2 protein chains.
Amino acid sequence: MKDNPMFAPAQVGRAGEDVALQIEAAIMDGRVKPGERLPSERDLHVQFHTSRGVVREALRALKQKGLVEVKKGARGGAFVKEAELHNASESLALFLKLQRISPQFLIEFRESMDRTITTLAIARAGDEEKQLLLEETILLETLLNEEDPDMETVHELDRKLNIRLAQMTKNPVFEWIMRAVQLGLSSHDDVLYDDAGYRKRTASNWRETAQGIADGEPFRALSHIGYHYVMLQKCIAEKAGQASVQDTSVQDGDFWESMPDIPGP
Amino acid sequence: MKDNPMFAPAQVGRAGEDVALQIEAAIMDGRVKPGERLPSERDLHVQFHTSRGVVREALRALKQKGLVEVKKGARGGAFVKEAELHNASESLALFLKLQRISPQFLIEFRESMDRTITTLAIARAGDEEKQLLLEETILLETLLNEEDPDMETVHELDRKLNIRLAQMTKNPVFEWIMRAVQLGLSSHDDVLYDDAGYRKRTASNWRETAQGIADGEPFRALSHIGYHYVMLQKCIAEKAGQASVQDTSVQDGDFWESMPDIPGP
DNA sequence: TAGATCTTAATGGTCCTGCCATTCATTTGT
DNA sequence: ACAAATGAATGGCAGGACCATTAAGATCTA
């Protein structure tokens, strides 16, 4: 109790923060569970002895944080949301974009994750799981050998394979991190499939990776993982070489002038 | 694009969202730069043809998102913030907290991360950084040899060391993960320092890890990382053996009753 | 003149009151 | 039994008012 929040007794000028914190605390320690409905704004602003605007701003902050979801109309209100990775991914993407961080870092991170995940998956996954993974990589290969492969399906299957592999570690943290990275950033693997010169090699490399996993051969599997990322790097480098035009958006005059009005009621 | 969220195109009853999106867009493409000040709420609500409350809620959302910082008083207002990794880490930490994950999974994940990070840090960090890391581990050791070490300082230093190591990879993604794990979970390393039997070994092991990094000896450094986690596992197992009482927080009656009121003005 | 103090204007924070649009349960009509 | 109208609860928005805080400018004092 040394960090007792009562130390800062609702300083004026920040009541909204307190309301948000108290509701967040209630969610965090499970006093209100996902799916449940919070009292209405009109009820809350009475319970908190504040104005309704304060409660609204607090709820807006919690909504932005991904903790609640707000519905209009009768039986509407603020509902506690199930925990989602979406916000975390979005925040990371926001940072990377604002800082102009190179995709290389994401790729490097993914490769290191893939190596760890593969090692763990070989050690812990059951034979059925390994077989299933292998079959799906074969399906991927089949898809890419068709006349006009549906790239949307291909991309989706690739993501699914990555997630499945992460699940085979039996450690959910790896799955979450994988999902977060997939959600936030365009996985960049897409370019490998979009390029006719790489897609077949990529798919067969996936299959051989899965084969290595199924055979319980970590080094073989890891070799193919390495090959995957070598191809990815080369492919991206080629793309960058083609279109090196950087679209640096112009900024002439006052920005706010260009802001369209929101139509009033 | 099958999950296109654009299905709900700026329906009325969401003016606040539009305002937030427009300001965010202005920040994202650099029409307003970090450090610059946005127009006041009273100016904005005129420009947007909305009420002031709408603008306030939008700004609150942007603040929660970490894009702006709001100051009171004359010459106050909303200032565009420099992109900070902190917000992104916080989002991921929030998710991890809500998942109530077993410490074992987190520890396994952390060890795998530590190994990758250490390898990269050895390869990329400058000599000064490596020396600084080493000196700080020595400081940690010194602190723990004192009569009555300030554990708060110790824990803080340990966190700082982990972040520094992550930064030495020159890849911000690793720092993101590290910060998120620290924020989201009670770092569990704390128990190592809190136990008199482990703290000195832990600290000297940290120093030897840093020494291995400074010497550019990956295997030696990784050995010590392994030793750290062996100790951590043992320490946690011992603690669990002692006190196996699980504090499952009770939930009697309506939670909201227990919410203290915020004093009105 | 230099420093301290007071005044003032700008700004975010809060409160209030009222009204509208949406949504769902209920009632009513066919 | 089904459809349509009704009503109530709720979030979304508008506009106005006042307070607390802050920094810059004006004033006073030594």
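This is a short chat about a predicted model, covering DNA strand D and helix H6 of chain A.

Biologist: How many residues surround DNA strand D, and which are the closest?
Modeller: 27 residues surround it. The closest are Arg42(A), Arg52(A), Arg14(B), Ala15(B) and Ser51(B).

Biologist: How do the residues of that surface divide into nonpolar, polar and charged?
Modeller: There are 6 nonpolar, 10 polar and 11 charged.

Biologist: Which helices and strands each supply at least two residues of it?
Modeller: In chain A, helix H2 (41-47), helix H3 (52-64), strand E1 (68-71) and strand E2 (77-80). In chain B, helix H1 (15-28) and helix H3 (52-65).

Biologist: What share of the strand D atoms within 4 Å of the protein belong to sugar or phosphate?
Modeller: 68%, and the rest belong to bases.

Biologist: What about Arg14(B) and a phosphate oxygen, how far apart?
Modeller: A polar side-chain atom of Arg14(B) lies 2.4 Å from a phosphate oxygen of strand D. For Arg37(A), the distance from such a side-chain atom to a phosphate oxygen is 3.0 Å. For an N or O atom in the Arg56(A) side chain it is 3.1 Å.

Biologist: Switching to H6 of chain A. What should residues 127-145 span?
Modeller: 27 Å, because there are 19 residues at 1.5 Å a residue. The end C-alpha atoms are 27 Å apart, which agrees.

Biologist: Which of its residues are buried?
Modeller: Lys130(A), Leu133(A), Leu134(A), Glu136(A), Thr137(A), Leu140(A), Glu141(A), Leu143(A) and Leu144(A).

Biologist: And what do those pack against?
Modeller: Four chain A elements: helix H5 (103-124), helix H7 (151-167), helix H9 (189-194) and helix H10 (196-214).

How values were computed:
Residues are numbered from 1 along each chain as its sequence is written. Chains are lettered from A and ligands numbered from 1 in the order in which they are written. This is a predicted model: local features need pLDDT of at least 70, side-chain atom pairs count only at pLDDT 80 or more; totals for chains, interfaces and linings use all residues. Side-chain values use heavy atoms; hydrogens and water are left out. The expected span of a helix is 1.5 Å times one less than its number of residues. Buried means under 20% relative accessible area, exposed over 50%, partly exposed in between (1.4 Å probe, protein chains only). Contact means heavy atoms within 4.5 Å. A residue is near a molecule or strand if one of its heavy atoms lies within 4 Å of it. A polar contact is a pair of N or O atoms within 3.5 Å; within protein, one must be able to donate a hydrogen and the other to accept it, and residues adjacent in sequence count only if both atoms are side-chain atoms. Ala, Val, Leu, Ile, Met, Phe, Trp, Tyr, Cys and Pro count as nonpolar, Asp, Glu, Lys and Arg as charged, and the others, Gly among them, as polar.
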